[in-house]
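Good morning, everyone, and thank you for making room for me on the agenda. Please take a moment with the sequence and the model on the screen, and then I will walk you through a few places in it.

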Amino acid sequence: MTAALARPIHLRYAAPSELAAAPLHSSVRLSLDSARGPVGVRGVLRDAALFRDAMAALATILESDLRYKGRDRAAYLAYLMKQGKKATAAIWEAQKAFLESAFADDAASAGQGDGSPAKASGALDPVLTVHPDEVSIEVFSRDESAYARLAFSSDLFEGREAAHGTAFVDLSPRIVEQIDRLRVYTKVELDAGASRASGPTAHGAAAARGGRETCETSIERSLEVPATWLRGFLQVQSAATLPAVSCELAPIDLYNALFVLRTRKAKKPPRGLRFELVPGKPPRLILEPWEILLEGHGAPYEGPPRVVRTFGRQRLLALSRLLPHVRGARAELRGPGLPVFWVLDLGRATLTLALTGWTDSSWASAASFDALMPREGGARAALDALAGRQLALLRERGPLPLAALAAGSSAEDARAALQLECLRGRVLYDVARRVYRPRELFPEPVDEREIRFSSPREAAAHRLLGAPGAVRPTKVHEIAGEGTEIHGQVADREAHRDFSPRFTMDLEGRVSDAWCSCPTFRRSGLREGPCEHMIALRVAHARERAEKDALRQTAEGRSLIRAETRTYVRREASGAEVVYRVSLDDRVVHLSWGARAEAPRHQRIWFDTDGEARDAYFKRLDALTSSGFVDADASSA
């Protein structure tokens, strides 16, 4: 199956969103896509300051783009041409890039006001949904690395009038700037709808314009939404349905973390935010690479001991504006490579922020999100039928937890069916309240097969993975302090050849070095992205690692282990961290221990048989767990 093409979307707004301000009254008028029918909400805001700051933080997440941008050398190249230098290829490329950027901006703005829709390629506008108990706005960052859902409780509105449904909302930089200057000491009304309201809102707007007549023109845009953007937006929500380890944080914990991130800049990896979760104690936060320890002040953690390393922490600075309103925070940690969800309790509002460890959803997400896609097979028909019943129940009764939707079926099947509806854009999982909600992203459901692969090469990689034994990781080498080097063998039956890809992942999960014997890599290296053999090897390695982690929890799985290394850590009362490393290599057990950043002590123990060495190895791991040590392996999230 080939990768999906861009999805055409036509948006029509009756007028731009605007803020109408009078001396004693202000009205925030958000324009919704009129093609979605009568959807909207109106009411007087009881806490205008909360609305202003929350919308500002949401706009910051929407506009965030941390992808690498090359230096602008246009001025320097113009200087060289002025000096009579030869028109090199660099000058022509800079001129071409400038013209393409300028014409792209003109094309994006064309058609606004003259009735002719513009043809542009880009991300979707924010999604506003009116529920019976709240109003939510969803955004996805420009670099496809951050997803946010801001939900305003019905209690925020006085005299609330609502029409339930989903529509796109015009949240341009102009209206965001106006909301940022909102005078919160006056009466503020929110009016979100597809058409201009009459009554008090319209009268307030007229008063703000001094009685002058204005000509509000409609806005029409035709977008070509990239399949990669739509795929990331839906898969992040699908990831929210997976089981998670959660920990509670106090507002001061979030403030301390943001203070460290704002006052320091990491110049070398790793750049993670590490959670130390010990049962019965508040979570600890460690910021790398400085190893700054922040003691938590939230509720004691309940669950198995874990050390979880997360990435994407720099995007947390977008939450700074909300610190005066935060009453509590919760971090939900899922599997390796999956997004980390932050839930902020703001009183009458809730912000859910999902952060990934990368600034694009290409190669990095190929392995992480592979588990989110539904498997093909005979059980697919039953899964579709269950998903249809669950969707009908949500439409009839509103938000429901998993237990209410799993009646008559197993929790695993119910979660898989709801995950499928999330990929189709008809259901979302409310991480804050831990319930499923109906939300129609488009009038017609998204075909999950269209967004299954982000590129033709990823589709080719999964074709290779579909052949039994075609993709085999041959060597996984852990490089201390650097990362993991992975070698593999891929039998490409269409090419009638075998290829040998390899790559190195650093401590942050990024690929620092890669090579393959295929013609694609020999022709262009990584300039055109990774070849299908590298992608297949990465997905195969992720699947093999997940299978081994699940298998080692059983006696049968442990009996198959002949070589393995595990690292355990324990935080002392003084704040020092003790690291214990245990390795099994056939009939030898190697131990090393000591304080972090100090020279460790070593011990090697030889046994007569590999079974005796394996038993001693696992007894040592159990003893470390019982003495307060936490398994630090598989800690990336």
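Let me begin with the largest cavity, whose lining is made up of Tyr-147, Arg-149, Gln-237, Ala-240, Phe-341, Thr-352, Leu-428, Tyr-429, Asp-430 and Val-431. I should say at once that we are looking at a predicted model, and that the space in this largest cavity comes to about 80 Å³. Which strand gives the largest share of that lining? It is S21, which supplies three residues, while strand S8 (146-153) and strand S21 (427-430) each contribute at least two. In total, the count comes to five cavities of 30 Å³ or more.

Two of the lining residues, Arg-149 and Asp-430, are worth following a little further, since they bring us to the salt bridges. Arg-149 forms a salt bridge with Asp-430, and the closest N and O atoms of that pair are 3.5 Å apart. This pair links distant parts of the chain, with Arg-149 in strand S8 and Asp-430 in strand S21, 281 residues apart. Are these two residues buried or exposed? Arg-149 and Asp-430 are both buried.

Arg-149 also forms a salt bridge with Glu-134, where the closest N and O atoms are 2.8 Å apart. Here Arg-149 lies in strand S8 and Glu-134 in strand S7 (residues 134-140), so this pair ties together parts that are 15 residues apart in sequence. Glu-134, like Arg-149, is buried.

Now please turn to another pair, Arg-221 and Asp-125, whose side chains meet in a salt bridge at 2.5 Å, N to O. Because Arg-221 sits in strand S12 (residues 219-225) and Asp-125 in the loop between strand S5 (118-121) and strand S6 (127-130), the pair ties together parts that are 96 residues apart in sequence. Both Arg-221 and Asp-125 are buried. A search of the whole structure finds 43 salt bridges, so I have picked out just a few here.

Next comes a loop residue, Asp-170, which is placed between strand S10 (165-168) and helix H4 (173-180). Why do we call Asp-170 buried? Its relative accessible area is 8%, and the word buried is used for values under 20%. If we leave aside residues up to four places away in sequence, Asp-170 touches Tyr-13, Pro-16, Ser-17, Ser-31, Ile-175 and Ile-219. Asp-170 and Val-127 are 43 residues apart in sequence, and their C-alpha atoms are 9.2 Å apart in space.

For a contrast, let us go to the surface, where Ile-252, Tyr-255 and Phe-259 form a nonpolar patch with about 300 Å² of accessible area together. Tyr-255 belongs to helix H7 (residues 251-263), and with a relative accessible area of 40% this residue is partly exposed.

Let me finish with the chain as a whole. Its secondary structure comes to 16 helices and 32 strands, and of its 637 residues, 51% are buried. Among the contacts with a separation of 6 or more, 67% are between residues 24 or more positions apart. Finally, the chain exposes about 30,000 Å², of which carbon and sulfur atoms supply 53%. Thank you for listening.

Conventions: Residues are numbered from 1 along each chain as its sequence is written. This is a predicted model: local features need pLDDT of at least 70, side-chain atom pairs count only at pLDDT 80 or more; totals for chains, interfaces and linings use all residues. Side-chain values use heavy atoms; hydrogens and water are left out. Patches are made of residues with over 30% relative accessible area and no salt bridge: like charges are joined within 9 Å, nonpolar side chains (Val, Leu, Ile, Met, Phe, Trp, Tyr) within 5 Å. Accessible areas come from the Shrake-Rupley method with a 1.4 Å probe; for residues, only the protein chains shown count as cover. A salt bridge is a side-chain nitrogen of Lys or Arg within 4 Å of a carboxyl oxygen of Asp or Glu. Helices (H or I, at least four residues) and strands (E, at least two) are DSSP runs, numbered from the N terminus. Buried means under 20% relative accessible area, exposed over 50%, partly exposed in between (1.4 Å probe, protein chains only). Contact means heavy atoms within 4.5 Å. On a 1 Å grid over the protein atoms alone, a cavity is a set of points where a 1.4 Å probe fits but cannot get out, and a pocket is an open set with protein on both sides within 12 Å along at least five of seven lines; lining residues have an atom within 4 Å of a point. Grid points are joined across faces, edges and corners, and a volume is the space filled by probe spheres set on the points.
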